[in-house]
Structure formats: C-alpha cells, structure tokens
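Let's take a walk through this one together. Have the sequence and the fold side by side, and we'll go from helix to helix.

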Amino acid sequence: LPGFGFHKAMSARRELLRILGELIARQHDDSKKTTDALAILKEQVDNGSLTMEELKDSIIEMLFSAYHGMSSLCCSTFLELARHPEVLEKLADGLEHANLLQ
C-alpha cells in the first residue's frame, strides 16, 4: 500500500536497481578492461553463471554489507571504549595532543 514503509522501501529498491542497470550497461560499453568487483561479476553474467538480476542483487548485498559491517565495527569500538575508560582516556589524550579535539 502506498505511504507505508514497505512500499517506500520497494520503490527505493526499484530505483536502485534501475540505476545499477545503467551503471552496468555503462561499464559494459567501456572499452578498457578492468578487474573490479563489477567486472568480475559481469563476467559471470556473460558466461551464464549469474543472471542480470542476481548480479544486481549481489551488488546491493555488497553495498549494504559494507555499511552494516562499518556500523557494527563502530558500535563494537564504542562498547569496548565504554568498558575500558583508561583506553578512552588515552585515545582522548592522543586526539587532543594532535589538535583533533576542538
């Protein structure tokens, strides 16, 4: 139903898939060969191991897993700093000494 969170999420996913399709087509039209993740996955589509939809899903998964991995790392870091105030104090001293706390 329009207006609900799930509808908004699915609309955003459709837009993201459209943009990914354009990027993949642009990458495919590029004459120079690259060895980035997209090129490697595109080879899998070309040889029939992946469908284009699976390629797009893989790219979305990589994007969001990186995001969640970083947020998880930040949460773990803050948790450990809270558990070890002496380390937090050393970190703050180092940042202050480097003029990074203002």
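A quick word on naming before we start: a helix here is a DSSP run (H or I) of at least four residues, and helices are numbered from the N terminus. Keep in mind, too, that this is a predicted model. With that settled, find Asp93, which sits in helix H4, residues 85-97. Asp93 counts as partly exposed because its relative accessibility is 45%, between the 20% and 50% cut-offs. Now look across to Ile24: the two are 69 residues apart in sequence, and their C-alpha atoms are 47 Å apart in space.

Next comes helix H3, which covers residues 52-83. How far should its 32 residues reach at 1.5 Å a residue? The expected span is 46 Å, and the end C-alpha atoms are indeed 46 Å apart, so the two values agree. Along H3, the buried residues include Leu55, Lys56, Ile59, Ile60 and Leu81. At the other end of the accessibility scale, Tyr67 in H3 is exposed, with a relative accessible area of 54%. Tyr67 also joins Leu63 and Phe64 in a nonpolar surface patch of about 340 Å².

What do the buried side chains build? The largest nonpolar core has nine residues: Leu17, Leu20, Ile24, Leu38, Leu41, Val45, Leu55, Ile59 and Ile60. Helix H1 (5-29), helix H2 (37-46) and H3 are the elements that give two or more residues to this core. Ile60 is a handy place to look at the packing: leaving out residues up to four places away in sequence, it touches Arg13, Leu16, Leu17 and Leu20.

Lys56 deserves a stop of its own. Is this H3 lysine buried or exposed? Lys56 is buried, because its relative accessible area is 13%, under the 20% cut-off. Apart from neighbours within four places in sequence, Lys56 is in contact with Leu17, Leu20, Gly21 and Ile24. Three of those contacts, Leu17, Leu20 and Ile24, are also listed in the nonpolar core. Lys56 has a charged partner as well: it forms a salt bridge with Glu53, with the closest N and O atoms 3.8 Å apart. Both lie in helix H3, three residues apart, or about one turn of the helix. In general, an α-helix has 3.6 residues a turn, so residues three or four places apart point the same way. Glu53, at 43% relative accessibility, counts as partly exposed.

That brings us to the charged pairs. How many salt bridges are there? The count comes to six. One of them joins the side chains of Arg13 and Asp57, at 2.5 Å from N to O. Arg13 lies in helix H1 and Asp57 in helix H3, so this pair ties together parts that are 44 residues apart in sequence. Both ends are partly exposed, Arg13 at 31% and Asp57 at 34%.

Helix H2 has a pair too, with the side chains of Asp46 and Lys42 meeting at 2.9 Å, N to O. Being four residues apart in H2, Asp46 and Lys42 are separated by about one helical turn. Lys42 is buried, with a relative accessible area of 11%. Finally, look for Glu15, Arg18 and Glu22, which are linked in a network of salt bridges.

Key
Residues are numbered from 1 along each chain as its sequence is written. This is a predicted model: local features need pLDDT of at least 70, side-chain atom pairs count only at pLDDT 80 or more; totals for chains, interfaces and linings use all residues. Side-chain values use heavy atoms; hydrogens and water are left out. Buried means under 20% relative accessible area, exposed over 50%, partly exposed in between (1.4 Å probe, protein chains only). The expected span of a helix is 1.5 Å times one less than its number of residues. Contact means heavy atoms within 4.5 Å. Patches are made of residues with over 30% relative accessible area and no salt bridge: like charges are joined within 9 Å, nonpolar side chains (Val, Leu, Ile, Met, Phe, Trp, Tyr) within 5 Å. Accessible areas come from the Shrake-Rupley method with a 1.4 Å probe; for residues, only the protein chains shown count as cover. A salt bridge is a side-chain nitrogen of Lys or Arg within 4 Å of a carboxyl oxygen of Asp or Glu. A nonpolar core is a set of buried Ala, Val, Leu, Ile, Met, Phe, Trp, Tyr and Cys residues joined through side-chain atoms within 4.5 Å.
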